[in-house]
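User: Please take a close look at one helix of this protein and the residues around it. I should like a connected account that sets the part within the whole chain.

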Amino acid sequence: MSSRVSAEGEAYRRIKRALIQKHLLPGQPLSEEWLSHRLNMSRTPVRAALKRLAAEGLIEIVPYRGAFVIDPTVTDIQHLFEVRMLVEGYAAEKAAPICRDEDVAQLRSLLEQERQAYEVRDYEAIIDINTAIHEFPALVTGNPVLHQQVAVLVARGNCYMILKDPFYSKALGDLKVFAEHDRIFQAFANRDPVEAARAIKEHLKSTVYFYTENGMPSVFD
């Protein structure tokens, strides 16, 4: 049992890393046979890994056709970020006034970790840190239902980020995300609910603009 689980985990990690590193592209078919050959393992762990990635939203399994890397449309992206602005903005507005000193310190630490991850181009770490930053307000509210909804939305946004953002072609000095996340941090440090909600909404609005207007989505322009 443990060896099977280990093989499934390895297949999952390697396929997801290939997606993150842009070796697998939006719309690309992912046959079990091809992946098994490339990964040098049987089809059983590959099939399990594909199901896990489909649950995360990174791939789509079509009956009688197989698995494909998702290829989100402009409308898909707009719909997601419209809802994210509403829900994350609400979470920020509720969280900012009750933010404790230790919460502010945690958010500051996340921003420091984010910059370090960018400096070494650790995109997998960046995704995890970005997730923590965006889930932070909902966690501070202490509302588990709100946090659950934010987590689902952020996970979907991460799929679009993985597939669409030209991360590896961007110089560190061109990154816009630092200033936007720092604005969010300052709003929480000041316990300002209006500015916290506005900062998060404008950060997400900036993101969706580059996803839909420039054809090459990025928060880093």
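The request concerns helix α6 and its surroundings. Which residues does H134 of this helix touch, not counting residues up to four places away in sequence?

Analyst: The model is a predicted one, and what follows should be read with that in mind. I begin with the chain as a whole, then turn to helix α6, its buried polar residues, and the pockets.

The chain has 221 residues, of which 47% count as buried. Its secondary structure consists of nine helices and three strands. Read from the N terminus, the order of elements is α-β-α-α-β-β-α-α-α-α-α-α. When contacts between residues at least 6 apart in sequence are considered, 74% of them join residues at least 24 apart. The accessible surface amounts to about 11,300 Å², and carbon and sulfur atoms account for 51% of that area.

Helix α6 covers residues 123–141. Within helix α6 lies H134. H134 counts as buried because its relative accessibility is 6%, below the 20% limit for that class. Leaving aside residues up to four places away in sequence, H134 touches R84, E88, V150, V154, H181, H203 and L204. With one of these residues, R84, there is also a polar contact: the side chains of H134 and R84 approach to 3.3 Å.

T131 is also a residue of helix α6. T131 has a relative accessible area of 17% and is therefore classed as buried. Not counting residues up to four places away in sequence, T131 touches V154 and N158. V154 is also among the residues touched by H134, so this residue appears in the contact lists of both T131 and H134, where contact means heavy atoms within 4.5 Å. The side chains of T131 and N158 are joined by a polar contact of 2.7 Å. Along the chain T131 and N158 are 27 residues apart, and their C-alpha atoms are separated by 7.9 Å. Helix α7 spans residues 144–164.

A further buried residue, D103, belongs to helix α5, which runs over residues 101–119. The relative accessible area of D103 is 7%, which means that D103 is buried. The contacts of D103, again without residues up to four places away in sequence, are I98, F136 and V140. A polar atom of the D103 side chain lies 3.0 Å from the backbone nitrogen of R100.

Between α5 and α6 there is a loop, and R121 is found in that loop. R121 has a positive phi of about 60 degrees, although R121 is not a glycine. With a relative accessible area of 29%, R121 is partly exposed. A comparable description applies to K22, in the loop between α1 and β1. The phi of K22 is near 65 degrees, a positive value in a residue other than glycine, and K22 is partly exposed at a relative accessible area of 24%.

Helix α6 also takes part in the largest pocket, which has a volume of about 340 Å³. Of the 18 residues that line this pocket, Y12, K16, E56, I127 and D128 are the closest to its centre. Helices α1, α6 and α7 each supply at least two residues of the lining. The largest share, six residues, comes from α7. By class, the lining holds nine nonpolar, two polar and seven charged residues.

Helix α1 connects this account to the second largest pocket, since the elements that give two or more residues to the lining of that pocket are α1 and α2. The second largest pocket holds about 180 Å³ of space. Its lining consists of R14, I15, A18, H23, L24, W34, L35, R38 and L39. The largest contribution, four residues, is that of α2. By class, six of the lining residues are nonpolar, one is polar and two are charged.

To return to helix α6: H134, a buried residue, has a side-chain polar contact with R84, and T131, likewise buried, has one with N158. The helix also supplies at least two residues to the lining of the largest pocket.

Note on methods. Residues numbered from 1 in each chain as written. Predicted model: local features only at pLDDT ≥ 70, side-chain atom pairs only at ≥ 80, totals over all residues. Heavy atoms only, no water. 1 Å grid on protein atoms, 1.4 Å probe; cavity = no way out; pocket = protein on both sides within 12 Å on 5 of 7 lines; lining within 4 Å. Points joined across faces, edges and corners; volume = space filled by probe spheres on them. Nonpolar A, V, L, I, M, F, W, Y, C, P; charged D, E, K, R; others polar. Buried < 20%, exposed > 50% of the residue type's maximum accessible area, 1.4 Å probe, protein only. Areas by Shrake-Rupley, 256 points an atom, 1.4 Å probe, with all protein chains shown as cover. Polar contact = N/O pair within 3.5 Å; in protein donor to acceptor, adjacent residues only side chain to side chain.
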